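I opened this notebook to record what I looked up in one structure, going from the strands to the core and then to the charged pairs.

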Amino acid sequence: MAKKNRARTDGIIDCACVIHGSGYDWIYVEKLYNMLSRNLQHGIRFHVYTEHDRSVPPHMIKHCLIDWPGISGPKRSWWYKMQLFNTEHHVGNLLYFDLDCVIVNDLQWLVDLPTQHFWTIRDFRYLQRQGHSGMNSSVMWWNVEKFSHVWTDFEKLDIAQTVKKYHGDQDYIGSVIEYNQRRNFEQAQLQSWRWQVSEGGYNFTSRKPKQPGTVAQIDPAASILVFHGRPKPHECTADPVIDRFWR
C-alpha cells in the first residue's frame with residue numbers, strides 16, 4: 001500500500017483510476033494519465049489502485065487493493081472503487097475517472113467545484129426517463145476524509161451479500177451519501193458516447209441511431225465523453241473524435 005498522502009495545498013490535482021483484472025489493457029491507464037495531464041493546467045499526481053502484483057511506473061502512485069475472492073470480471077470489478085474512500089490510501093480531494101472515459105476539453109471548471117459536496121454524474125438514464133435521478137460513478141470529485149464513512153461502513157459489511165443487494169458501486173454510494181450532500185456535474189459537460197455523441201445520438205423509441213453512419217458530434221460545452229456499456233474507446237478509433245482525443 002502506498003504511504004498515505006497528507007492533504008496538499010500546492011494546486012496539483014490528485015487524480016485516480018482503478019484497474020483490476022483483465023477487463024482493460026494497461027494502455028487505458030496511460031491514455032487517461034495523458035488526457036488528465038493535458039487538461040489540468042496546474043499538473044496532476046496520478047494514483048493507480050490495483051492488485052499487489054501489477055507493476056506501476058514510477059511517475060504514478062501505486063495503491064494495493066484489498067482483494068475480495070469472487071469479486072472480479074467486468075460486472076464486478078467496479079466494486080473495487082469503494083476502496084477509493086479509504087483514508088489509509090489518501091486524504092484530501094480526489095478526482096476519479098473510469099478508464100473508459102475520454103477527455104475532450106479543459107477540466108479546470110470541475111476542480112473548482114467545492115468539495116464539501118460529493119460530485120458525480122447524473123445517471124444517463126435520464127435521457128430515457130426524465131425523472132430518473134440515479135448517479136453514475138464514472139467521474140467523481142470529493143474530499144476523501146469528509147466522505148470516509150463510505151469506506152468505514154462498507155468494510156463492516158458482508159461483501160458477497162452487498163454485491164447481491166446492489167447492482168453496482170454507484171447504487172451503494174448513492175444510498176449512503178445523503179442526498180443533500182450530493183451534487184451532479186452540469187449535464188452539458190459530460191456526454192454519453194453511445195446515447196448522445198455517436199451517430200447523432202440514440203433514438204430510444206426506434207432503438208436505432210439518429211444519424212446512422214455519421215461521425216461523432218460533440219457538444220461544444222462538453223469536456224468528458226463517458227463510455228458506459230459497449231463500445232469502448234479502443235473499438236472506436238476509426239472515428240476522428242476518438243482518434244484526436246484518446247491518446
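The entries below follow the order in which I looked things up.

**Entry on the provenance**

I note at the start that this is a predicted model, and I read every entry with that in mind.

**Entry on strand β7 and its partners**

I began with strand β7, residues 135-143, and asked how many of its residues are buried. I found that 9 of its 9 residues are buried, so to speak a strand that is mostly covered.

I then looked up its pairing and found that strand β4 (residues 93-97) runs antiparallel to β7 over 5 bridges, while strand β6 (residues 118-122) pairs with β7 in the antiparallel sense over 3 bridges. To place these pairings on particular residues, I noted that asparagine 93 stands opposite asparagine 143 in β7, and that tryptophan 119 has tryptophan 141 of β7 as its bridge partner.

**Entry on threonine 115**

From asparagine 93 I went on to threonine 115, which lies in the loop between α2 (108-111) and β6. Is threonine 115 buried or exposed? Its relative accessible area is 15%, and because the cut-off for buried is under 20%, threonine 115 counts as buried.

I found a polar contact of 2.8 Å between the side chains of threonine 115 and asparagine 93. Setting aside residues up to four places away in sequence, I listed what threonine 115 touches: Asn93, Trp141, Trp142, Asn143, Lys146 and Phe147.

**Entry on the nonpolar cores**

Next I asked which residues of the largest nonpolar core touch the most other members. That core holds 49 residues, and the ones I was after are Leu36, Phe46, Leu95, Phe97, Val139 and Phe185. Helix α1 (residues 27-39) gives the most to this core, with 6 residues.

I took leucine 95 as an example and found, not counting residues up to four places away in sequence, that it touches Ile13, Asp14, Cys15, Ala16, Leu36, Leu40, Leu110, Val111, Val139, Met140 and Trp141. Apart from the largest core I noted another one, of 28 residues, with Ala16, Met82, Phe85 and Phe118 among them.

**Entry on helix α5**

For helix α5 (residues 169-176) I wrote down its buried residues, which are Asp169, Gln170, Tyr172, Ile173 and Gly174. What covers them includes β6, β7, α3 (149-154), α4 (159-165) and β8 (182-184).

**Entry on the salt bridges**

I then searched the whole structure for salt bridges and found 6. In one of them, arginine 45 pairs with aspartate 14, with the closest N and O atoms 2.9 Å apart. Arginine 45 lies in strand β2 (residues 44-50) and aspartate 14 in strand β1 (residues 13-18), so the pair ties together parts that are 31 residues apart in sequence. I checked the exposure of both, and arginine 45 is buried, as is aspartate 14.

Glutamate 51 forms a salt bridge with arginine 54, the closest N and O atoms being 3.1 Å apart, and here too I found glutamate 51 and arginine 54 buried.

I also looked up lysine 232, whose side chain meets that of aspartate 100 in a salt bridge of 2.5 Å, N to O. Lysine 232 lies in the loop between β12 (224-226) and α7 (240-245), and aspartate 100 in the loop between β4 and β5 (101-103), so this pair ties together parts that are 132 residues apart in sequence. Both lysine 232 and aspartate 100 are buried.

Finally, I noted that Lys81, Asp98 and Asp169 are linked in a network of salt bridges.

**Entry on the open sheet**

I asked in what order the 3 strands of the open sheet stand, and I found the order β5-β12-β9, with mixed pairing. β5 and β9 (190-192) stand at the edges with a single partner strand each, so one side of each is left without a neighbour in the sheet. β5 and β12 pair in the antiparallel sense over 3 bridges, and valine 102 has leucine 225 in β12 as its bridge partner.

**Entry on histidine 228**

My last lookup was histidine 228, in the loop between β12 and α7, which counts as buried at 15% relative accessibility. Leaving aside neighbours within four places in sequence, I found histidine 228 in contact with Phe124, Ser192, Arg194 and Trp195, and a polar contact of 2.6 Å joins the side chains of histidine 228 and serine 192. Histidine 228 and aspartate 98 are 130 residues apart in sequence, yet 9.5 Å apart in space, C-alpha to C-alpha.

How values were computed
Residues are numbered from 1 along each chain as its sequence is written. This is a predicted model: local features need pLDDT of at least 70, side-chain atom pairs count only at pLDDT 80 or more; totals for chains, interfaces and linings use all residues. Side-chain values use heavy atoms; hydrogens and water are left out. Buried means under 20% relative accessible area, exposed over 50%, partly exposed in between (1.4 Å probe, protein chains only). Helices (H or I, at least four residues) and strands (E, at least two) are DSSP runs, numbered from the N terminus. Two strands pair if DSSP finds at least two bridges between them. A nonpolar core is a set of buried Ala, Val, Leu, Ile, Met, Phe, Trp, Tyr and Cys residues joined through side-chain atoms within 4.5 Å. Contact means heavy atoms within 4.5 Å. A polar contact is a pair of N or O atoms within 3.5 Å; within protein, one must be able to donate a hydrogen and the other to accept it, and residues adjacent in sequence count only if both atoms are side-chain atoms. A salt bridge is a side-chain nitrogen of Lys or Arg within 4 Å of a carboxyl oxygen of Asp or Glu.
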